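Open the structure in a viewer and keep the sequence panel visible. The tour below goes from the whole chain to single residues, one selection at a time.

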Amino acid sequence: MHGAGRVMSRTEAAGRVRRRKRWACGHRDCDRVFDIDGISPTAGAPKRGVCPEHPDSRLKKVWVAEQLKPGKVDWPAVQARLREQGIVLVGGGADEAPEVYKHLPDVLAAHAGSIRVKHTLRPLGVAMAGRDVHDPYKD
């Protein structure tokens, strides 16, 4: 619940990720990714810059995220839980999951003498930039 305060850092929630440039096959049905020099000992891409399976498609540079340290939040489980609750989620990531914020009822209870809750809202949808989107307003 936004505004209630975080209980864990973004890195603690999502883990540590490093983004690196790689070569990817330009064919729409191919998901092969190769080292940046065009040669990968595991994938076997030739130096000439084409995918071995699709010689008619050139390789293109892409950013690939590599998980260096796992986070505490199981993001696929959070997405499934929100879906089950009927909440539509677009974008976002583990660093913004509900678990990383203080529980709103606890925060409201701590301020019980100074506030009066008149209405409680239930989210219908959440839209935010995903991990692969540069968000200039993200803190």
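Contact here means that heavy atoms lie within 4.5 Å. Among contacts in the chain between residues at least 6 apart in sequence, 66% join residues at least 24 apart.

**Whole chain**

Start with everything selected. This is a predicted model, so colour it by pLDDT, the predictor's confidence in each residue on a scale from 0 to 100. The chain average is 82, and 81% of the residues score at least 70. Among the elements, helix α2 (residues 75-84) has the highest mean pLDDT, 94, and β2 the lowest, 80.

Now switch to a cartoon view. Three helices and five strands make up the secondary structure, and from the N terminus on they follow the order α-β-β-β-α-β-α-β. With a surface added, the accessible area comes to about 10200 Å², and carbon and sulfur atoms account for 54% of that. Of the 139 residues, 24% count as buried.

**The sheet**

Select β1, β2 and β3. These three strands form an open sheet in the order β2-β1-β3, with antiparallel pairing. β2 and β3 are the edge strands, each paired on one side only.

How many bridges join β1 to β3? There are 11 between β1 (residues 15-25) and β3 (residues 59-70). To trace this pairing, pick valine 17, whose bridge partner in β3 is glutamine 67. Then pick alanine 24, which has lysine 60 as its bridge partner in β3.

Turn to the other side of β1. Two bridges join β1 to β2 (residues 33-34), and this pair is also antiparallel. Select tryptophan 23 to find phenylalanine 34 of β2 standing opposite.

**The nonpolar cores**

Next, select Met8, Ala13, Ala14, Val73, Trp75, Val78, Leu82, Ile87, Ala94, Ala97, Val100 and Tyr101 and show their side chains. These 12 residues are the largest nonpolar core. At least two residues of this core come from each of α1 (10-14) and α2, and α2 gives the most, with three. Another core lies apart from this one; it has five residues, including Cys30, Phe34, Cys51 and Leu59.

Go back to leucine 82. Which residues is leucine 82 in contact with, leaving aside its neighbours within four places in sequence? They are Ile87, Leu89 and Pro98.

**Two glutamates**

Select glutamate 96, in the loop between β4 (88-90) and α3 (104-110). Is glutamate 96 buried or exposed? Its relative accessible area is 15%, so glutamate 96 counts as buried, the cut-off being under 20%. Show side chains here: that of glutamate 96 makes a polar contact of 2.7 Å with the side chain of tyrosine 101. Tyr101 is one of the residues of the largest nonpolar core.

Last, select glutamate 53, in the loop between β2 and β3. Glutamate 53 has a relative accessible area of 54% and is therefore exposed, since exposed means over 50%. Its side chain is joined to that of arginine 32 by a polar contact of 3.2 Å. Finish by adding histidine 27 to the selection: glutamate 53 and histidine 27 are 26 residues apart in sequence, and their C-alpha atoms are 9.5 Å apart in space.

Key
Residues numbered from 1 in each chain as written. Heavy atoms only, no water. Helix = DSSP H or I, 4+ residues; strand = E, 2+ residues; numbered from the N terminus. Buried < 20%, exposed > 50% of the residue type's maximum accessible area, 1.4 Å probe, protein only. Polar contact = N/O pair within 3.5 Å; in protein donor to acceptor, adjacent residues only side chain to side chain. Pairing = 2+ DSSP bridges. Areas by Shrake-Rupley, 256 points an atom, 1.4 Å probe, with all protein chains shown as cover. Core = buried A, V, L, I, M, F, W, Y, C linked by side-chain atoms within 4.5 Å.
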